[in-house]
Amino acid sequence: MVTAFTIESYQWLQEDPADTSAALLNTTVILLTQIAQQGSQNPQQTNFTPPFPPKFSPSSSVVRINTFWFLSLFLALVDALFGLLCKQWLREHKRQTNTESPGQALALRWLRYRSFEAWHVPKILASLPILLELSLFLFFAGLLELVFTRHSIPFAVSLFVVGLAVLIYSITTILPSITIIKQVLQIYPYFTSR
């Protein structure tokens with residue numbers, strides 16, 4: 001979904017050729033008008049400065065929208081790449097290998113487990129949802145910026161919906177952490193006595 005938005009929005013970073021043609025036509029008309037006026041006023045005077053259209057520069061809002069959306073797209077793709085890599089590691093970790101004895105099978109299994117832990121595969125797997133969530137938040141930020149630049153009523157409704165979703169997300173993330181901390185303090189009360 002992010003890709004569809006970025007395909008459309010990256011074009012906003014460049015000058016539209018139709019606008020360029022219209023500006024060129026407008027400049028030509030202005031030039032011809034200025035030449036006609038100067039020719040009729042004083043034929044000997046030749047200091048003539050043609051007007052040039054201003055150089056195109058995208059608005060800061062367009063730059064922010066594209067930054068949010070491209071970061072969102074890149075993070076989602078990086079997340080997919082790491083997910084595939086972890087899937088390969090998991091497949092290799094669980095692969096059955098023919099060994100001569102149960103002791104060799106156990107040793108091989110232990111080596112695989114050690115390398116699995118040494119490469120921090122469980123931590124990488126745990127971080128994948130966080131990358132995807134960050135990607136979604138960046139997409140929401142770009143979408144809110146776009147709606148903000150268009151009209152205030154859809155922006156207010158969108159901000160309410162996204163704000164409510166972020167609030168629920170935050171609550172469901174923080175409350176379990178608080179519960180775990182309380183349980184640890186009940187089990188190990190000497191943490192609070194120090």
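The legends below describe an overview and several close-up views of a predicted model.

**View 1. Overview of the protein chain, with seven helices and zero strands.**
From the N terminus on, the order of elements is α-α-α-α-α-α-α. The protein chain has 194 residues, and 15% of them are buried. Its accessible surface is about 14,900 Å², with carbon and sulfur atoms supplying 69% of that area. Among contacts with a separation of 6 or more, 68% join residues that are 24 or more positions apart.

**View 2. Packing of helix α1 (residues 2–9) with helix α3 (residues 60–94).**
Two packed helices are described by the angle between their axes and the distance between the axes. For α1 and α3 the angle is about 145°, and the axes are 10 Å apart. The crossing of α1 past α3 is left-handed. From α1, the residues taking part are Val 2, Thr 3, Phe 5, Thr 6 and Ser 9. From α3, they are Asn 66, Trp 69, Phe 70, Ser 72 and Leu 73. By class, the residues of this contact are five nonpolar, five polar and no charged.

**View 3. Lys 55 in the loop between α2 (17–41) and α3.**
Lys 55 has a relative accessibility of 79%, above the 50% cut-off, and therefore counts as exposed. Along the chain, Lys 55 and Glu 15 are 40 residues apart. Their C-alpha atoms are separated by 9.2 Å.

**View 4. Helix α4 (residues 102–118), shown end to end.**
Helix α4 contains 17 residues, and at 1.5 Å a residue it should span 24 Å. The C-alpha atoms at its ends are 24 Å apart, so the span in the model agrees with the expected one. His 120, a residue with positive phi, follows α4.

**View 5. His 120 in the loop between α4 and α5.**
Most residues other than glycine have a negative phi. His 120 is a residue other than glycine, yet its phi is positive, near 55°. Its relative accessible area is 40%, which lies between the cut-offs of 20% and 50%, so His 120 is classed as partly exposed.

**View 6. Pro 122 in helix α5.**
Pro 122 has a relative accessible area of 35% and is partly exposed. Apart from its neighbours within four places in sequence, Pro 122 is in contact with Phe 116 and Glu 117. Both Phe 116 and Glu 117 fall within the residue range 102–118 of helix α4. Leu 90 is 32 residues away from Pro 122 in sequence, with a C-alpha to C-alpha distance of 9.9 Å.

**View 7. Glu 145 in helix α5 (residues 121–150).**
With a relative accessible area of 14%, under the 20% cut-off, Glu 145 is therefore classed as buried. Once its neighbours within four places in sequence are set aside, Glu 145 is in contact with Ser 61, Arg 64 and Ile 65. These three contact partners have numbers within the range 60–94 of helix α3.

**View 8. Leu 146, also in helix α5.**
Leu 146 counts as buried because its relative accessibility is 14%, under the 20% cut-off. Its contacts, leaving out neighbours within four places in sequence, are with Trp 12, Ile 65 and Trp 69. Trp 69 is also among the α3 residues that meet α1, and Ile 65 is also in contact with Glu 145. Between Leu 146 and Ser 61 the sequence separation is 85 residues, and the C-alpha to C-alpha distance is 7.8 Å. Ser 61 is also one of the residues in contact with Glu 145.

Conventions:
Residues are numbered from 1 along each chain as its sequence is written. This is a predicted model: local features need pLDDT of at least 70, side-chain atom pairs count only at pLDDT 80 or more; totals for chains, interfaces and linings use all residues. Side-chain values use heavy atoms; hydrogens and water are left out. Axes are lines fitted to C-alpha atoms, for helices over the stretch in contact, and angles run from 0 to 180 degrees between N-to-C directions. Helices (H or I, at least four residues) and strands (E, at least two) are DSSP runs, numbered from the N terminus. A crossing is left-handed if the near helix is turned anticlockwise from the far one by less than a right angle, and right-handed if clockwise. Contact means heavy atoms within 4.5 Å. Ala, Val, Leu, Ile, Met, Phe, Trp, Tyr, Cys and Pro count as nonpolar, Asp, Glu, Lys and Arg as charged, and the others, Gly among them, as polar. The expected span of a helix is 1.5 Å times one less than its number of residues. Buried means under 20% relative accessible area, exposed over 50%, partly exposed in between (1.4 Å probe, protein chains only). Accessible areas come from the Shrake-Rupley method with a 1.4 Å probe; for residues, only the protein chains shown count as cover.
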